[in-house]
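Here are some friendly notes to read alongside the structure. Keep the 3D view open and find each residue as you go.

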Amino acid sequence: MGKTLRQLGKAQLSAATATALDYAVTAFLFRFVGFSYGASTLCGTASGGLLNCAINYYWTFSGNNVRKRNVLFKYLVTWLVSIVLNTEGTVWMTALLEHTGMPAGLSTLMTARIIVSVLVAVLWNFLAQKFFVYRRINIKKQ
């Protein structure tokens with residue numbers, strides 16, 4: 001239990017760092033480049049995901065006991081689901097917030113991003129990485 005709590009703490013620090021990059025890219029592309037909600041979220045999520053993978057491999061889950069190729073494949077699968085959940089969830093949540101009276105714009109987008117990314121980080125990313133991506137499988141030889 002102690003190891004899992006330490007990993008959860010490290011995962012949250014890793015996620016916070018990756019999220020800072022994710023949000024900065026999302027806001028920049030939406031505000032200054034003119035990307036849509038979905039496109040800016042997709043690019044932000046992609047940049048944050050790459051950083052998160054690197055931090056988690058070397059620090060959070062000490063992935064050096066798992067083949068990099070296996071981690072890369074499993075992380076890619078997990079990350080693609082995360083991108084879909086974050087992108088579609090943010091578009092949906094932004095529309096919901098606008099429907100309830102929040103004005104369209106950056107503040108509504110970022111409010112939606114925060115809500116959705118916290119839910120996805122806790123309910124999908126951490127669990128998938130702990131039990132799928134960085135899980136070491138010991139195969140007994142007969």
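How many aromatic pairs does a search of the whole structure find? The points below begin there, and please keep in mind that this is a predicted model.

1. **Ring pairs.** The search of the whole structure turns up six aromatic pairs. One of them joins Tyr-57 and Tyr-58 in an edge-to-face arrangement, with 4.9 Å from centre to centre and 85° between the planes. Look at how these two sequence positions are labelled for accessibility: Tyr-57 counts as buried, at 9% relative accessibility, whereas Tyr-58 is exposed, at 62%. The labels follow from the cut-offs, because buried means under 20% and exposed means over 50%.

2. **A cluster of rings.** Next, please find Phe-61, Phe-126 and Tyr-134, which ring pairs link into a cluster. Remember Phe-61 and Tyr-134, as both come back in point 5 among the residues nearest the centre of the second largest pocket.

3. **Charges over rings.** Two lysines are worth a look here. The charged end of Lys-74 sits over the ring of Phe-132, 5.6 Å from the ring's centre. For Lys-130, the ring beneath the charged end belongs to Phe-131, and the distance to its centre is 5.6 Å.

4. **The largest pocket.** This pocket holds about 430 Å³ of space. Its lining is made of 27 residues, and Ala-15, Thr-19, Asn-52, Ala-121 and Asn-125 lie nearest the centre. Which helices each supply at least two residues of that lining? They are α1 (2-33), α2 (37-60), α3 (68-99) and α4 (106-133). Sorted by class, the lining of the largest pocket has twelve nonpolar, 13 polar and two charged residues.

5. **The second largest pocket.** Here the space is about 240 Å³. Of the 13 lining residues, Lys-3, Gln-7, Phe-61, Asn-65 and Tyr-134 lie nearest the centre. The elements giving two or more residues to this lining are α1 and α2, and α1 gives the most, with four residues. By class, the lining of the second largest pocket divides into three nonpolar, four polar and six charged residues. To compare the two linings yourself, set those six charged residues beside the two charged residues in the lining of the largest pocket.

6. **Cysteines without a bond.** How many disulfides does the structure hold? There are zero. Why is Cys-43 not bonded to the closest cysteine sulfur? The sulfur of Cys-43 is 18 Å from that of Cys-53, so the two are too far apart for a bond. A disulfide needs the sulfur atoms to lie within 2.5 Å. Seen from the other side, Cys-53 is in no disulfide either, and its nearest cysteine sulfur is that of Cys-43. As for their surroundings, Cys-43 is partly exposed, with a relative accessible area of 32%, while Cys-53 is buried, at 14%.

7. **A serine to finish.** Is Ser-82 buried or exposed? Ser-82, found in helix α3, is buried, with a relative accessible area of 5%. The label applies because that value falls under 20%. Now find Thr-45 as well: Ser-82 and Thr-45 are 37 residues apart in sequence, yet their C-alpha atoms are 8.4 Å apart in space.

Notes. Residues numbered from 1 in each chain as written. Predicted model: local features only at pLDDT ≥ 70, side-chain atom pairs only at ≥ 80, totals over all residues. Heavy atoms only, no water. 1 Å grid on protein atoms, 1.4 Å probe; cavity = no way out; pocket = protein on both sides within 12 Å on 5 of 7 lines; lining within 4 Å. Points joined across faces, edges and corners; volume = space filled by probe spheres on them. Nonpolar A, V, L, I, M, F, W, Y, C, P; charged D, E, K, R; others polar. Phe/Tyr/Trp six-rings, centres within 6.5 Å; stacked < 30°, edge-to-face > 60°. Buried < 20%, exposed > 50% of the residue type's maximum accessible area, 1.4 Å probe, protein only. Lys NZ or Arg CZ within 6 Å of the ring centre and 35° of its normal.
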